[in-house]
Amino acid sequence: MAEEILMPRLSDTMTEGVIAAWHKKVGDTVKKGDLLAEIETDKATMELESYQDGVLLYIGTPNGGKLQVNDLLAIFGKAGEDVSALVAKYTGGASSATKAPEPAPAPAPQAAPAPTPAPAAAPALDVASMEEVVLMPRLSDTMTEGVIAGWHKKVGDAVKKGEVLADIETDKATMELESYKDGTLLYQGAQPGEKIQVNDLLCIIGKPGLDVNAIVAAVKAGGSQPAAAQSAPAAPAPAAAATAPVAAPAEAVVNEGRILASPLAKKIASDKGIDLKYVKGTGDNGRIVKSDIDNFKPAAVSAPAAQQTRPASAIAMAPAGTISFEDVPVSQMRKTIARRLSDSLFTAPHFYLTMAIDMDAAVAARGKINEAAPVKISFNDMVLKATALALKQHPQVNSSWLGDTIRHNHHINIGVAVAVDEGLLVPVVRFADGKSLSQIAVEVKDYAQKAKNKKLQPADWEGSTFTISNLGMFGIEQFTAIINPPDACILAVGGISQVPVVKNGQIVPGNVMKVTLSCDHRVVDGATGSAFLQTLKSLLEEPLRMLV
């Protein structure tokens, strides 16, 4: 019996998906676990595997087409089975536009007298459904435009499915964009450093001889405005940008074009910063599996080579008595930081609570913990753990302002602000209250390294319920931080200072750390925030309580 497959919800904010590529066509036999299609969501392009055996009898939309969540994506059944009733159920009977198996033989005899209608068809060019057209994807939940950091292919180059086309700078990170088809790069919508709005024309990939001008004109007529002219083939900049990343690896490339890998292997490789084109797969059809990633040993020269490609951040100083300056374009990350924090500061009524914490016991406990711990535990790790436990006792602080409602989160996901060259990223330690100090230490160090290497993925920085910003390592004793929306609070952590303190009636040296809690007064009142800080203080002043 035929069974329908609906468009799944592949992220928490997904409402529709775009078919980046079908890996099976109508009439193909599909086995459970086979890669069925690649679906572009609002956050990433994800692989959809079949969860049953059968013959693919119907596809809901071709490559490049969009489907709403729960729309008809495909139908599986037995060869020759009639699925018209199922199609009509979801399409209201209008199945002829999407039913792939019908070859439509009727128009063939009229092919000869067709020269006259051809010009009339040009204005009706459906750019959105053309496989050759590549639009700027939305690579993060808040992205509205992208900047071309560099092209890895230049106009006229052959492109294979899975090869990196370009580096796209979003509002949160610089991400690699892979091609989802084979062909020749015929057009670039922008040059390095230029911006393209989401869903504007990024590039055209097709066969040589394709009428690029007609496609570009159709896009412009439809309201999109690509930022580049047709002179892109003559520009030498993309070629120069492409040479730097290619020259870095010293390992042998074992995978060309599309790389077959399990989702788990891809995630582990991404976490470890491993390029899959250097990994030999041992699964079916050369598919890369988890054990291949675990056993892979990258060449030691990769990291230094990559570091040499980074531009120097030193600012040249002008000679004395000379007026000199340099205007630097605002990066996408800096734009988003400016917009979100301005909205937060001028929309959310902030108030601040500061408390001094005696860290003598924490300093002593950390020394003993590190004697036995498998990884080095930092004071920031201890603060994060204590904060997570304090949030369990004060759930109002672990809340989010959503306009008409206040969300009291039952889970504790703590964002940790990490400074990078371009600004600030906030990766999230999920379910922090249930993790040990060693687990927190490993996760925070891993996130910090990935942030500096621009390897963070959207899932790494989404979903915080509370945020910590620590500037103690820079010698800052006390500061206030702006709330990271939609969180209701953020904790600003200063450094530990040795100062005179009074104990048992005597002045003695002590280790004191000051923390400042920024609160959104729409959600948290002064007494609530103060009670949270008292609990945090008690946990850090008696670290053994964190083990209870």
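# Exercises on two open sheets and their surroundings

An open sheet of six strands, with mixed pairing, runs in the order S17-S26-S25-S24-S20-S23. The model on which these exercises rest is predicted.

## Exercise 1: the edges of the six-stranded sheet

Task: Determine which strands stand at the edges of the six-stranded sheet, and explain why one side of each has no neighbour there.

Solution. Begin with the ends of the strand order, where S17 and S23 are found. Strand S17 (350-358) and strand S23 (428-429) each have a single partner strand, so that one side of each lacks a neighbour in the sheet. Then turn to what packs on this sheet: helix H13 touches S17, S24, S25 and S26, and its direction makes about 20° with that of S17.

## Exercise 2: following the bridges through S26

Task: Trace how S26 is joined to S25 and to S17, and find the residue that is the bridge partner of Cys489 as well as of Phe351.

Solution. Take S25 (residues 489-503) and S26 (residues 506-520) to begin with; these strands pair in the antiparallel sense over 13 bridges. Within this pairing, Cys489 has Cys519 of S26 as its bridge partner, while Ile490 is matched with Ser518 of S26. The hairpin of S25 and S26 has two residues between the strands, and Asn504 takes a positive phi near 55° there. Next consider S17, which runs antiparallel to S26 and is joined to it by nine bridges. Here the bridge partner of Phe351 in S26 is Cys519, the residue that also partners Cys489.

## Exercise 3: classifying the aromatic pair

Task: Classify the one aromatic pair that the structure holds, and locate its two members in the chain.

Solution. A pair of aromatic rings is described by the distance of the centres and the angle of the planes. For Phe466 and Phe532 the centres are 5.7 Å apart and the planes stand at 50°; planes under 30 degrees apart would count as stacked and those over 60 as edge-to-face, so this pair is tilted. To locate the members, note that Phe466 belongs to strand S24 (residues 466-470) and Phe532 to helix H13 (residues 526-541), so that the pair links distant parts of the chain, 66 residues apart. Phe466 and Phe532 are both buried.

## Exercise 4: the four-stranded sheet

Task: Describe the order and pairing of the open sheet that four strands form, together with its edges.

Solution. The order is S13-S12-S10-S15, and the pairing is antiparallel. Strand S13 (174-178) and strand S15 (195-197) stand at the edges with a single partner strand each, and therefore one side of each is left without a neighbour in the sheet. From one strand to the next, the twist averages 40°. As an example of the pairing, S10 (residues 145-151) and S12 (residues 164-169) are antiparallel over four bridges, and Gly150 has Asp167 in S12 as its bridge partner.

## Exercise 5: the setting of a loop residue

Task: Decide whether Leu210 is buried, partly exposed or exposed, and list its contacts beyond its neighbours within four places in sequence.

Solution. Leu210 lies in the loop between strand S16 (201-206) and helix H3 (212-221). Its relative accessibility is 28%, and because the partly exposed class runs between 20% and 50%, Leu210 counts as partly exposed. Leaving aside neighbours within four places in sequence, Leu210 is in contact with Glu132, Leu186, Ile204 and Ile215. Glu132 is 78 residues from Leu210 along the chain, and their C-alpha atoms are separated by 9.3 Å.

Technical notes: Residues are numbered from 1 along each chain as its sequence is written. This is a predicted model: local features need pLDDT of at least 70, side-chain atom pairs count only at pLDDT 80 or more; totals for chains, interfaces and linings use all residues. Side-chain values use heavy atoms; hydrogens and water are left out. Rings of Phe, Tyr and Trp (its six-membered ring) pair if their centres lie within 6.5 Å; planes under 30 degrees apart count as stacked, over 60 as edge-to-face and the rest as tilted. Buried means under 20% relative accessible area, exposed over 50%, partly exposed in between (1.4 Å probe, protein chains only). Contact means heavy atoms within 4.5 Å. Two strands pair if DSSP finds at least two bridges between them. Axes are lines fitted to C-alpha atoms, for helices over the stretch in contact, and angles run from 0 to 180 degrees between N-to-C directions.
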